[in-house]
Amino acid sequence: MEYYFNKTITGEFEEVIEKVTEELEKEGFGVLTEINVTETLKKKLDVDFKKYRILGACNAPYAHKALKAEDKIGTMLPCNVIVQEIEKEKIEVTAVNPMASMQAVKNKDLKQIATEIGDKLKQVIAKI
C-alpha cells in the first residue's frame, strides 16, 4: 500500500496551491497550517530548494471522530498535502494515504474513518 496519493499537473505554482485549497474545502477540509519549505530552508540553512509547500489539512468532524476513537491519533493529524514544483509549470500534488498511517494503530474504529478520509483526499487529487 502506497503511503500517498499523487498527481502531476501543468500550471503556475501559486495557482495550483489555490486550486488544491479550493478542492480541499469542497471535501470539508480547512488548511490549518502552511509550511513553505523553500523559504524555511533558505532562512535556516541558506539552501536554495525547489518550490515546495506542505498544507496541513483538517476535516474537523472526522478529526473529532478520530480523536474520540483514539486520543493519541493527534500525532498523525492533520492530513498533509504537499505541492512541489518538479520543473517550470510542472507541479506535483501529493496527499497522505491515511490508511497507510493507520496501519500502525490497532483500533478498528479508525479504519472506517481513515477509509472515508482517504476517499475524500483521492477526490481532491482527482479534481485538480
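D46 is exposed in this predicted model, with a relative accessible area of 57%. The residue sits in the loop that joins α2 (37-45) to β3. Its phi is positive, about 55°, although D46 is not a glycine. E89 also has a positive phi without being a glycine, here near 65°. This residue belongs to the loop between β4 and β5. Its relative accessibility is 34%, so E89 counts as partly exposed, the range for that class running from 20% to 50%.

A further backbone feature is the cis peptide bond from L77 to P78, with omega near -5°. P78 is placed in the loop between α3 and β4.

The backbone angles and their locations are collected below.

| Residue or bond | Angle | Location |
|---|---|---|
| D46 | phi about 55° | loop between α2 and β3 |
| E89 | phi near 65° | loop between β4 and β5 |
| L77 to P78 | omega near -5° | P78 in the loop between α3 and β4 |

**Overall fold**

The protein chain contains five helices and five strands. Read from the N terminus, the order of its elements is β-α-β-α-β-α-β-β-α-α. The radius of gyration is 15 Å, close to the 14 Å that the globule rule gives for 128 residues, so the chain is as compact as a globular protein of that length. Along the principal axes, the C-alpha trace spans about 45 × 35 × 25 Å. Buried residues make up 39% of the 128 in the chain. Of the contacts between residues at least 6 apart in sequence, 71% join residues at least 24 apart.

**Nonpolar core**

The largest nonpolar core has 29 residues. Those with the most contacts inside this core are V20, L24, V81, V83, V93 and L121. At least two core residues come from each of β1 (4-10), α1 (13-26), β3 (52-58), α3 (60-69), β4 (79-87), β5 (90-96) and α5 (108-127). Helix α5 gives the largest share, seven residues.

L24 illustrates how the core is connected. Apart from neighbours within four places in sequence, L24 is in contact with F29, V31, A57, V81, L121 and V124. V81 and L121 are, like L24, among the residues with the most contacts inside the core.

**Helix α5**

Helix α5 has 20 residues and reaches 30 Å from its first C-alpha to its last, close to the 28 Å expected at 1.5 Å a residue. Its buried residues are L110, I113, A114, I117, G118, L121, V124 and I125. Seen down the helix axis, the buried residues of α5 fall within an arc of 140°, so they line one face of the helix. An α-helix has 3.6 residues a turn, so residues three or four places apart point the same way. The face turned away from the buried side carries the exposed residues K108 and K111.

The buried residues of α5 pack against β1, α1, α3, β4, β5 and α4 (98-102). At the N-terminal end, N107 caps the helix, with a side-chain oxygen 2.9 Å from the backbone nitrogen of D109.

**Two buried polar residues in the strands**

Q84 is in strand β4. Its relative accessible area is 9%, below the 20% limit, so Q84 counts as buried. The side chain of Q84 makes a polar contact with the side chain of K50 at 2.6 Å. A second polar contact joins the Q84 side chain to that of E92, at 2.8 Å. With neighbours up to four places away in sequence left out, the residues in contact with Q84 are F13, K50, K51, Y52, K90, I91 and E92. K50 and E92, the two polar partners, are thus part of this wider set of contacts.

T94 is in strand β5. At 10% relative accessibility, T94 also counts as buried. Beyond four places in sequence, T94 touches Y4, F5, N6, N80, V81, I82 and I125. Among these partners, V81 is one of the core residues with the most contacts, and I125 is a buried residue of α5.

Conventions: Residues numbered from 1 in each chain as written. Predicted model: local features only at pLDDT ≥ 70, side-chain atom pairs only at ≥ 80, totals over all residues. Heavy atoms only, no water. Core = buried A, V, L, I, M, F, W, Y, C linked by side-chain atoms within 4.5 Å. Buried < 20%, exposed > 50% of the residue type's maximum accessible area, 1.4 Å probe, protein only. Helix = DSSP H or I, 4+ residues; strand = E, 2+ residues; numbered from the N terminus. Contact = heavy atoms within 4.5 Å. Expected span 1.5 Å × (residues − 1). Arc of directions from axis to C-beta. Polar contact = N/O pair within 3.5 Å; in protein donor to acceptor, adjacent residues only side chain to side chain. Rg over C-alpha atoms; globule rule 2.2 N^0.38 Å.
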